[in-house]
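Welcome! Please take a look at the sequence and the model below, and then let's walk through a few of its features together.

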Amino acid sequence: SILFDNSLSVNLAVFRSDYDDLQQAVTQYTASSAFIAVTNVGGMRSQGVELDSTWQISSDWQFNANVAYLDAEYTDFEGAGCSSIQKYNQPDGCTQDLSGKAPPFSPDYSGSVGLSYDTPITENLEFSSNLVMAFSDGYFLDVTRDSGLYQDAWQTYDLRLAISDASDTWELSAVGRNLADEKIMTAGNQAIATL
């Protein structure tokens, strides 16, 4: 929808996906090694809401928001592989039931909000800036839900400042990413220690 004399756009998406006979890569363990195996999952459901909006506050200022709520879970995943800690405590035939649990990389909420400022500073030069905060709820990095492979909720801040000519033939910019130096895990593996 376009509202308030074309100054505000709002888009809303509601989704639901049901999966049957899904295949999932899972780390399996032997007494001295680990390997990746493909396991059959009975079913998974992913549903949620996504909101995308842009508000042109004035000729110079613009606000953007992209926010998502996700409800994802395995509907049937009995006999799933174990984490390394579970396997250590139960070395023979360790399995777990992940039915009703979220798959990896499935935060309940995530998104970004941003504020932009663009204005002429002379007849031939323009200044622009953009500040973005990205955020996410916590999530597991692997299917076994290993406690050591859990990423807590996080937020990052990016800033861009630029000067360009009025015809946009050149631009000089300074970009700062993750200004608060937030540490975010994007991948991880379980480890096995043998004594």
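## Strands that pair

Let's begin with β9 and strand β10 (residues 171-176), which pair in the antiparallel sense over 6 bridges. Within this pairing, Ala-162 stands opposite Ser-173 in β10. Keep in mind that this is a predicted model.

β9 and β10 form a hairpin, with 5 residues between the two strands. In the turn you will find Asp-168, which has a positive phi of about 60°.

Strand β9 (residues 154-165) also runs antiparallel to strand β6 (residues 125-136), and 12 bridges join them. Here Leu-131 stands opposite Leu-159 in β9.

## The nonpolar core

In soluble globular proteins, nonpolar side chains tend to be buried together. The largest nonpolar core in this model has 7 residues: Val-41, Met-44, Tyr-74, Phe-77, Ala-80, Leu-98 and Val-143.

Phe-77 is a good residue to click on. Leaving aside residues up to four places away in sequence, Phe-77 touches Thr-39, Asn-40, Val-41, Gln-96, Asp-97, Leu-98, Ser-99 and Val-143.

## A nonpolar patch on the surface

Now turn to the surface, where Leu-12, Val-14, Val-49, Leu-51, Val-67 and Tyr-69 make a nonpolar patch of about 540 Å². Two or more residues of this patch come from each of β2 (8-29), β3 (34-56) and β4 (61-76).

Is Leu-51, one of the patch residues, buried, partly exposed or exposed? Leu-51, found in strand β3, has a relative accessible area of 34%, so it counts as partly exposed.

Notes. Residues are numbered from 1 along each chain as its sequence is written. This is a predicted model: local features need pLDDT of at least 70, side-chain atom pairs count only at pLDDT 80 or more; totals for chains, interfaces and linings use all residues. Side-chain values use heavy atoms; hydrogens and water are left out. A nonpolar core is a set of buried Ala, Val, Leu, Ile, Met, Phe, Trp, Tyr and Cys residues joined through side-chain atoms within 4.5 Å. Buried means under 20% relative accessible area, exposed over 50%, partly exposed in between (1.4 Å probe, protein chains only). Contact means heavy atoms within 4.5 Å. Patches are made of residues with over 30% relative accessible area and no salt bridge: like charges are joined within 9 Å, nonpolar side chains (Val, Leu, Ile, Met, Phe, Trp, Tyr) within 5 Å. Accessible areas come from the Shrake-Rupley method with a 1.4 Å probe; for residues, only the protein chains shown count as cover. A salt bridge is a side-chain nitrogen of Lys or Arg within 4 Å of a carboxyl oxygen of Asp or Glu. Helices (H or I, at least four residues) and strands (E, at least two) are DSSP runs, numbered from the N terminus. Two strands pair if DSSP finds at least two bridges between them.
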